[in-house]
Structures are given as structure tokens and as C-alpha cells.
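Visitor: I should like to go through the terms applied to this model, one at a time. Please set each value against its definition.

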Amino acid sequence: MGSLVWFLVFVLCGCSFTCGVKGYVSIEGTVVIDGETPIAETDENFVCATLDWWPSAKCDYGNCSWGNASLFNLDLKNVVFLNAVKAFSPLKIRLGGTLQDKVIYQTEDNKQQPCTPFAQNSSRLFGFTEACLPLARWDELNSFFNQSGALVIFGLNALHGKTIQANNVATGPWDSTNAASLIRYTVKKGYNIFGWELGNELSGNGVGVRIDVDPYASDTIALHGLIQDIYSKNNIITKPQIIAPGGFFDYNWFQQFLSKTVGSLDSITHHIYSLGAAGVFRDLNNIVKKSQNPASAWVGEAGGAYNSGRDGVTNTFVFSFWYLDQLGASSTYDTKTYCRQTLMGGNYGLLNTTTFVPNPDYYSALLWHRLMGKSVLSTSFTGSRKIRAYAHCAKKSQGITLLLINIDGNTTVNAKVDIHGRVAHMQNHSNIHHHRHHHVPRHHHRGSKGTPLQHSKQVSANNVREEYHLTPLGGDIHSQTVLLNGKKLTVDSSGVIPALDPVTVDSLEPLIVAPYSIVFIHMPNFDVSACM
């Protein structure tokens, strides 16, 4: 992962990779896949995205990038927004973030009391006052989630009732009264919640404030009891997940937390804002495997670059190199769910904060969601250190899906696939067809004219694979427009998300990975025991 980290550091620092190229080279490589048994497993719905509480007054380094993306004022009537979520069928959405531990909830017996939004106050924690979530807004949010089919994870205020000491440690038991009122109202209204999460970035050293592991475990056990009681009294057999702590990984703290919450915790969540984090995935996986606690590991929030991301980087094509590599790396360590910061808001949203139009990472996420199944296969690539390779059993289909990421701007890779020593030797690439048999242009190398594909014969349906090539518009990796198999992906005037159609390729032909490109390859005719 090292070369990818350095590549993204240079990009974040403002360096350009779109000019000064002397020429292109082509190299051979091999994707080696062990298809005997899976090395890990994700949830069926691995991809997740977040919605945050940050108001428009949230600014970083003079850049105010949140607009009306807060849970308080997000336009839930926007057709593009609705269609973008519905396209996943379903998308996990985590509601939370830095300010969640400053939110109280209006209750049915105090509707006459003022319920005010956040206001800036530099003397208060995180620079904002407390805020109140009106029940009417909770109703509106749940109407949207029901219509879009989203799976909702709601982050509860874990500081309610606690006292923050001079050393920034929050002490005392969690006052669950307000949370219980919201949960009872939610159940009464029939709103489906996938999981209730307790707290945001209060574990370990915390961010601004921290809670020691013993009281945090006690509070989590209390939440579990509350959920069991409320849902059981309403004859609901399947209970939402109990999720915590939603903080940055601290080995000893997380290890102790797992040992103290056996039977009360379903998923243990951690946050990541580093460009390379495979060590964290590995370490948490080791803790989980050794623990008596059956809880699974989640990435509850990850945006690569903290403080709202960076415009021109985290909302452009180049960031899909980091994002998809993160999805691939985390999945190999039994991470069950990966929540991207954000679905909308800041400079790292999957959707544009103003227009709701998908950024390139949205399409990367949607292709992963549709193509990559639960079972993860051991995969490596020989021939270049600038190719990332991941393979899963195909989702709701036969065979496997392979993901190849080329972070080299000068090199085209011609790859063959080796499964159990069975190599598919591929000689030429003249017979590639769109599945509707339309003329499809060859993937352009950074805006060059390229050579259009010619299809001289029909490919047999029994001997094909499906390919999805993602490249940036004009070869500019800082573009916010992405091409799929040479065709620009755009939302139409009715707000409809474009179809993500593959090209079909003869299985005996080479895998061609253009410079600065991403390719998903569905190989339905590769039968491996891990996917049976």
C-alpha cells in the first residue's frame, strides 16, 4: 500500500499528474487468486455512507463546504438524492458525526419546549452549542429512508448526563432517558432502524472528550438492555444492532471494551482518516478473533482526509484510488461494513453538496456494491507495484469479480489470471463488444484519441466476461466526471442515475488496464470452490 499512500500525499499537497508525460509503456502481469476457501467475509451490504450534523457554519481553513447537508436541513425532496440512494437497494446510512453527542431529542411530552438548531459559540465544545432534533424532522428523515430503502444506523448522544472534567474525561453514568424517549417513539411509529450506535470518537484518547473503557462498556450494556426492553414490549423479535464506540482505534482500549461487552455488542466500530490503514484493519481483526465477544468489526467513518476533505481531490476521480483500495484492504480483514464520510457534505461526499450530482466515488461505491460478493479471495498481483488487485465471489451471480486499480499514469498493464495454477493465456483484444453490441471507444489514455474498438464477430455468451472500465474525463485525474467504458456518466434531466453497463469480452483475451484507470471484471465462468 506504500506507493499508493505516497501518490495520494503528493496529490493532496497540490501536485499535478496530468501533464509532462513523455510516453506510455505496456507491461505484462499476473493476477494470482487462491479460490480454494475464502480468507474473509463481509456483510451482504458492505458499502455504507454517512450523513452528518454539521451546519453550514462549519468551516475548515477558510473553506465552508457543508452547505445545507446537515441532517437538520438536507433537502429530502431532491429527486437525484432519492434516486442515488435507491440505486443501491439498499444502502447503509450512518447518521452521526462530531456533533452527535451534543444533540438532544424532542419528546412527545415536551413538544412545546423550544427545539433549536446548532449555533456557533467558540467557548463551547467543537465551537457549537447543543441542538435539538424535532420529532417532525425525525419523521421526515424516516419517510425518506423508507422511500429509498436505506438501512439506518443512528448515533446516540453518549455524553447526556455526564460531567466533563478539567482533563476532558466525561464521568458519571449515561442518562438514557432522552434516548429511550426517541427509541420508543421510533418503535411506535414503525420506523426501521438497522442499528443504534452509542457515541462518536469518545474512545481511547477521544477527540475533545473521552470516556474511560469501564463506564463506556457499562453504558453500552445499558443501551443493550434498553433496546431489548423496548422492542420486546412491542413484540418485535428481530432487534436492531448495538454498535459502539465509533472512535479511533486504540489497541488496549478496544481489547478491553470487547471483553467487557460480551452479549451486549453486535458491531465494534472504528474511524479512519489516514491514507493507508491496513495495520489497523489487521490489528482489530486479531483482537476480534481472539475475543470471546462475537461482535464484528466495522469502519464506522472514513474520509481519507479529515476536516471535511479537500476540494479538487477528495471529490474527484483520483480519490477512487484510495477509496476502492480501502474497501478492498478492509474486506480482506473481515471488516463487515465500511462507512464512507460522507454520502453528502464537506468536500469528500459521494454526492455534490450543492447539486446532489454524484461524484466519481459514488459510481465506484455502486459498482462495488453490485459486483463484489461477501466472500473474499486471497489475491495478489505480480508485474507491477502500482496495481492493486482484489477478488471476491461474484454478488448474486456465478464466478468471481476482480477489481484492478492502476495508479501508474504511464503504464498499460496486460494481465492474465492464475487460479490454482490454471492460467488463462490471452493473446489479443480485437473482439470486445458492448452487451447491447454498440460501438464502444477504447479507454483513452489521458484524453488521447485512442483506437476505437472493432467487433468482427459475436462473442459466445458461454465464454465471456463483463468489464467495467472507469477513467477520468479528458484523462484528468482531478476531474469530477467519470467515464464508464468510454462513456460519460451523467444524471439525466429527470434525475435518473445512469445505467452502469459493462462491455463483454472473450474470456481468452487479455485484461487490459489503462493508465490511471480502475477496472471491475466479472468472470462468471471461473468456478472456484470458495464460491460454490
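Visitor: Why are α6 and α7 called roughly parallel to each other?

Guide: In this predicted model, the axes of α6 and α7 cross at roughly 25° and come within 10 Å. Axes are lines fitted to C-alpha atoms, for helices over the stretch in contact, and angles run from 0 to 180 degrees between N-to-C directions. Angles under 35 degrees count as roughly parallel, over 145 as roughly antiparallel, 65 to 115 as roughly perpendicular and the rest as oblique; α6 and α7 are therefore roughly parallel. The model is predicted, local features need pLDDT of at least 70, side-chain atom pairs count only at pLDDT 80 or more, and totals for chains, interfaces and linings use all residues. Residues are numbered from 1 along each chain as its sequence is written, and side-chain values use heavy atoms, with hydrogens and water left out.

Visitor: Which residues of α6 and α7 meet?

Guide: From α6, Y251, F254, Q255 and L258 meet D283, L284, I287 and V288 of α7, where contact means heavy atoms within 4.5 Å. By class, this contact has 6 nonpolar, 1 polar and 1 charged residues. Ala, Val, Leu, Ile, Met, Phe, Trp, Tyr, Cys and Pro count as nonpolar, Asp, Glu, Lys and Arg as charged, and the others, Gly among them, as polar.

Visitor: What makes α5 and α6 oblique to each other?

Guide: Helix α5 (residues 213–233) and helix α6 (residues 251–260) pack at an angle of about 40°, their axes 9 Å apart. That angle belongs to none of the named ranges, and the pair is therefore oblique. The contact involves V213, D214, Y216, A217, T220 and I221 of α5, together with W253, Q256, F257 and K260 of α6.

Visitor: In which hand does α5 pass α6?

Guide: The crossing is right-handed. A crossing is right-handed if the near helix is turned clockwise from the far one by less than a right angle, and left-handed if anticlockwise.

Visitor: How do you know that β3 and β14 pair?

Guide: Two strands pair if DSSP finds at least two bridges between them, and 3 bridges join β3 (residues 47–51) to β14 (residues 335–340), which run parallel. One of the partnerships links A49 with R340 in β14. Both strands belong to a closed barrel of 8 strands, β3-β4-β7-β10-β11-β12-β13-β14. Strands (E, at least two residues) and helices (H or I, at least four) are DSSP runs, numbered from the N terminus.

Visitor: Which strands does helix α7 touch?

Guide: Helix α7 (residues 278–290) touches β12 (267–272), β13 (296–302) and β14. Its direction makes about 165° with that of β12.
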